[in-house]
Amino acid sequence: MKASTAWMMLIAAGLIDVAWALSMKLSQGYTRPWWTAASVVTLIAFVWLLGRALTALPVGSAYAVWTGIGAAGTVLIGSMLFGESITPMKLGGVGLIVAGIVVLRGAPA
């Protein structure tokens, strides 16, 4: 697998991780069947994509990027969908996460 393909899979896994976190919240403790099913499907999808990406990318960088995308995306989406507070300090933290992702992406393997 080409590194560019692996990076695309890794980014997709990070975005699906955000969907997984949201579906877990919407499942209300896994008491809502459709959201529970969505949670299981998104979990399987991001684990598969992450696993495939790891065949071509260093595990440390890939894992950090994946969790960074998931964390930053979930903070932003959580504030938009659920009215969770978004303070300048939180935005700064998200900015640092994004900067770290950019640095890791640009770093030589």
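Biologist: Let's start with residues 6–22: how far apart are the end C-alpha atoms?
Modeller: Bear in mind that this is a predicted model, where local features need pLDDT of at least 70, side-chain atom pairs count only at pLDDT 80 or more, and totals for chains, interfaces and linings use all residues. Residues are numbered from 1 along each chain as its sequence is written, and side-chain values use heavy atoms, with hydrogens and water left out. Over 6–22 the chain is 100% helix and 0% strand; helices (H or I, at least four residues) and strands (E, at least two) are DSSP runs, numbered from the N terminus. The end C-alpha atoms of this stretch are separated by 25 Å.

Biologist: Which annotation covers that stretch?
Modeller: The unreviewed UniProt entry lists residues 6–22, 34–51, 63–82 and 89–107 under one feature name. UniProt positions are in the numbering used here, feature names are shortened, and annotations may be inferred rather than shown by experiment. Residues 34–51 are also 100% helix and 0% strand, with end C-alpha atoms 26 Å apart. The record's name for the feature is "transmembrane region".

Biologist: How do H1 and H2 run, roughly parallel or roughly antiparallel?
Modeller: The axes of H1 (residues 3–26) and H2 (residues 33–53) come within 8 Å and cross at roughly 160°. Axes are lines fitted to C-alpha atoms, for helices over the stretch in contact, and angles run from 0 to 180 degrees between N-to-C directions. Under 35 degrees counts as roughly parallel, over 145 as roughly antiparallel, 65 to 115 as roughly perpendicular and the rest as oblique. That's why H1 and H2 come out roughly antiparallel.

Biologist: How many nonpolar residues are in the contact of H1 with H2?
Modeller: Contact means heavy atoms within 4.5 Å, and H1 residues including Ala-13, Asp-17 and Trp-20 meet H2 residues including Thr-42, Phe-46 and Arg-52. Ala, Val, Leu, Ile, Met, Phe, Trp, Tyr, Cys and Pro count as nonpolar, Asp, Glu, Lys and Arg as charged, and the others, Gly among them, as polar. The split is 3 polar, 2 charged and, for nonpolar, 19.

Biologist: Why is the pair of Trp-20 and Phe-46 called what it is, stacked or edge-to-face?
Modeller: Rings of Phe, Tyr and Trp (its six-membered ring) pair if their centres lie within 6.5 Å; planes under 30 degrees apart count as stacked, over 60 as edge-to-face and the rest as tilted. The count is 3 aromatic pairs. In one of them, Trp-20 and Phe-46 have ring centres 5.3 Å apart and planes at 65°, so the pair is edge-to-face.

Biologist: Which residue in the loop between H1 and H2 has a phi near 60°?
Modeller: That loop holds Gln-28, which has a positive phi of about 50° although it is not a glycine. The loop also holds another residue other than glycine with a positive phi. The one near 60° is Tyr-30.

Biologist: How does H1 cross H3, left-handed or right-handed?
Modeller: The axes of H1 and H3 come within 8 Å and cross at roughly 40°, which means H1 is oblique to H3. A crossing is left-handed if the near helix is turned anticlockwise from the far one by less than a right angle, and right-handed if clockwise. This crossing is right-handed.

Biologist: How many charged residues are in the contact of H3 with H4?
Modeller: H3 (residues 59–82) and H4 (residues 88–106) have axes that come within 9 Å and cross at roughly 150°. H3 residues including Gly-68 and Ala-72 meet H4 residues including Val-94 and Ile-101. By class there are 13 nonpolar and 2 polar, and of charged residues, none.
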